[in-house]
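Reader: Hello! I am new to this one and would love a friendly, close look at the place where the ligand sits, along with whatever helps me find my way there. Could you walk me through it?

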Amino acid sequence: MRVTINWHPNPQLHQPLYQQLVNYCLQEIETGNWALGDQLPPQRELAAQLQVNRSTIGQAMTQLVDYGVISGKRGGGTTIISNTWSLMMKKAPVNWQEYIQSGHFKANLHTIQTINTHETRMPIRLSTGELAPAFLPHQLFADALTRVGHRLQQLNYLEPQGLLALREQLAQRLQRWGIQASADTILITSGSLQALQLISLSLLDEHATVYTETPTYLNSLQIFQSAGVHLRGLPLTRDGVAYWQLPQTEQQKLLYVIPSFQNPTGQVMTLKHRRELLTFANRRQLPIIEDSAYQDLWFDTRPPQPLKALDDHGAVIYLGSSSKILAPGLRLGWVVAPRPIISRLADVKMQTDYGASSLSQLALAEILANSDFDRYLVQTRTRLQQRAQAALQSLQTYLAPYAKWQEPTGGFYIWLKLDPRIKIDALFDAARAQGVLINPGDLYAFHHVQAIRLSYAYAEPAAFAAGCRILKQLIEIQLTH
Ligand SMILES: Cc1ncc(COP(=O)(O)O)c(C=O)c1O
C-alpha cells in the first residue's frame, strides 16, 4: 500500500530538511502508521509534494536505507522493510552483548542450554532427572494445601533459616538416617542448587578447589567455576571416590560427593568406603559436601548410612532436597551443617532472596507431618523399580550389542557406556531431531567419556522402549556409513 503523507518540513527550524524528513518517516513507522511492505511515493513526486529539492529527498532516503528501514532499490518504489527499534535508532543502541558477557556467572554448557530449551517439548525424554508427573501424590498435596490455606497469615518473610515447623520435621526425619540434627543446624534453601551456590559464594576463596567424583552432576553446572573456584575430578571406583588421589596442597579445598545413587552413574558408595573417606577427611581436615538428593529412592536395600551420620568431627555439609522424592517445582532443599556454617549461609541467603517460598515451606511441612507421605515414598520406590526393570528390558532388546551398563539399585539413572565407534554428539543431534532427548556423558566429566546418561524416572516405559529403538536405528545408521 502507498503511504499517505500529510506533513511538511519546517524551514524555520535549525534542523536540516532531510533530517526532518528522516525523523518524520521513522516516527510514522515506529508508531505503526506505516506498515512493513508499504511503499513511499517516488522521489520526484515526494519532492514536489513537500516542496523541497530532489537532493534533499535523496539524502533522506539514503539515511533510511542505511538504518535498514527501507529497501535500497533504485528505480522501483521504495518499500518499508523493517520496523525494529534497534535499526531505527539514530544513535547506536545499547550494546547489551557487552553487558551480557561481563557478568561473573558463566553461561550454561551449550548442550545443557539445548536440553533446557527443548526438554518440555520433546515426546521422549530420556534425559529428564525428575519423577514422572503421574507419580505426584495429588491427594497429599491437595490436603496439605487445604490446611495451608487456613494459615495464610504466615505468608510473610520467614526467619533466616526457614520455617521452624519444617526444620523440626526434617530434624525428625534425619534421625531415621542416624543424623543428629536440630532445627538450628538446618537451613532451608531454594533447592539444593542454591545450597551449592551459597557455599561457593560464602565459604570459599578464589584459589579454592572443589574435588568431585568423575563423572559427577556438579560438572554439568557452572556454579563453582562462576565463583572463580576450580573444579577437579577424582576417579570413581566401584566402591566410591578415589579420595587418596587428592593432592596435598596448601590451597583451600573441599570434596563434593553423591554417595547414594550417584548422578549420573547410579552408584552407591560402600559403608567401608564411607568410613575410610571420613577418616581420610579428618586426617586432612578436608570438608565434604554430601549431596543426598536420591538417598531415599532405594529399590531392595537401603543404602548405607549417610556420611553425615558417621561424621563425628563436623566435617560434612549435608544437602537434602524435595526435588527427587516429591516435586522439583517446590524448589526446596536443606543444608545440615555445624551452626556457624548455617549462620553464615543463612546470612548470605537473606541477602540473596530473603528466604525460600513460604508457601512451599508450609506445604512441605504439612506433607512431611502426614504419615501418608511414608506410604507414598514406599509406593514411589516400587514404581521406580518397576520402571528400572522395564528400562533394562528395553536396553537388552535394543542396545545390548552397542552398550554396557550396570543394573541400578535405586535412583533415576542408567549410565550407558557406548561402543567406541559411536559418535555421541552426532547421536545426540540425530536423536533430538527424532524427538528423543538423551544426556551425553561429557556433561558430567572432565574429559571425553564414551557414555550417555539415561533416566527411567520420567518417561513412560513404552516411551523409554521407543526411545531405545530409535537410538538403535540411529547407531546402526552411524556404523554403516
Ligand atoms: C545430585 C543432585 N543434586 C542436586 C540436584 C538439584 O536439586 P534441586 O532441585 O534441589 O536444586 C540434582 C538435580 O538433578 C542432582 O542430581
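Author: Let's start at Gln19, which you will find in helix H1, the stretch of residues 17-30. Please keep in mind that what you have on screen is a predicted model. Gln19 has a relative accessible area of 15%, and because anything under 20% counts as buried, Gln19 is a buried residue. Now look for Gln59: this residue is 40 positions away from Gln19 in sequence, yet their C-alpha atoms are 8.6 Å apart in space.

With that starting point in hand, let's turn to the ligand. The ligand sits in the largest pocket. There are 14 residues around the ligand, and those that come nearest are Asp291, Tyr294, Ser321, Ser323 and Lys324. If you sort the shell by class, you get 6 nonpolar, 5 polar and 3 charged residues. As for where the shell comes from, helix H9, residues 191-202, gives the largest share, with 3 residues.

Now zoom in on the atoms. Ser321 places a polar side-chain atom 2.7 Å from an oxygen atom of the ligand. In the side chain of Lys324, an N or O atom is 2.7 Å from a ligand oxygen. Asn263 joins in too, with a side-chain N or O atom 2.7 Å from an oxygen atom of the ligand. How much of the ligand does the protein cover? Taken on its own, the ligand has 400 Å² of accessible area, and the protein covers 93% of that.

Stay with Asn263 for a moment, as there is something to see in the backbone. The peptide bond that joins Asn263 to Pro264 is cis, with an omega of about 20°. Pro264 belongs to the loop between strand E7 (253-257) and helix H11 (271-284). Phe261 has its place in the loop between E7 and H11 as well. Phe261 is not a glycine, but its phi is positive, at about 55°. What makes Phe261 count as buried? Its relative accessible area is 2%, so Phe261 falls under the 20% limit.

Why point these out? Most residues other than glycine have a negative phi, and most peptide bonds are trans. With that in mind, two further places are worth a visit. A cis peptide bond runs from Thr214 to Pro215, with omega near 0°. Pro215 lies in the loop that links strand E5 (209-214) and helix H10 (223-226). Then there is Arg331, another residue that is not a glycine and has a positive phi, here about 50°. You can find Arg331 in the loop between strand E9 (316-321) and strand E10 (333-336). Since its relative accessible area is 34%, Arg331 counts as partly exposed.

To finish, here are three more loop residues that help you see how the chain is laid out. Thr128 lies in the loop between strand E3 (124-125) and H7. With 1% relative accessibility, Thr128 counts as buried. The side chain of Thr128 makes a polar contact of 2.8 Å with the side chain of Glu119.

Next, go to Arg151, in the loop between helix H7 (138-149) and helix H8 (164-175). Arg151 has 28% relative accessibility, so it counts as partly exposed. From the C-alpha of Arg151 to that of Leu443 the distance is 43 Å, and 292 residues separate the two along the chain.

Last comes Gln434, in the loop between helix H16 (424-433) and strand E13 (436-437). Gln434 is partly exposed, at 45% relative accessibility. Lys349 is 85 residues away from Gln434 in sequence, and their C-alpha atoms are 42 Å apart in space. From there, you can turn back to the ligand, which sits in the largest pocket, and look once more at its contacts with Asn263, Ser321 and Lys324.

Note on methods: Residues numbered from 1 in each chain as written. Predicted model: local features only at pLDDT ≥ 70, side-chain atom pairs only at ≥ 80, totals over all residues. Heavy atoms only, no water. Near = heavy atom within 4 Å. Polar contact = N/O pair within 3.5 Å; in protein donor to acceptor, adjacent residues only side chain to side chain. Areas by Shrake-Rupley, 256 points an atom, 1.4 Å probe, with all protein chains shown as cover. 1 Å grid on protein atoms, 1.4 Å probe; cavity = no way out; pocket = protein on both sides within 12 Å on 5 of 7 lines; lining within 4 Å. Sits in = over half its atoms within 2 Å of the grid points. Helix = DSSP H or I, 4+ residues; strand = E, 2+ residues; numbered from the N terminus. Nonpolar A, V, L, I, M, F, W, Y, C, P; charged D, E, K, R; others polar. Buried < 20%, exposed > 50% of the residue type's maximum accessible area, 1.4 Å probe, protein only.
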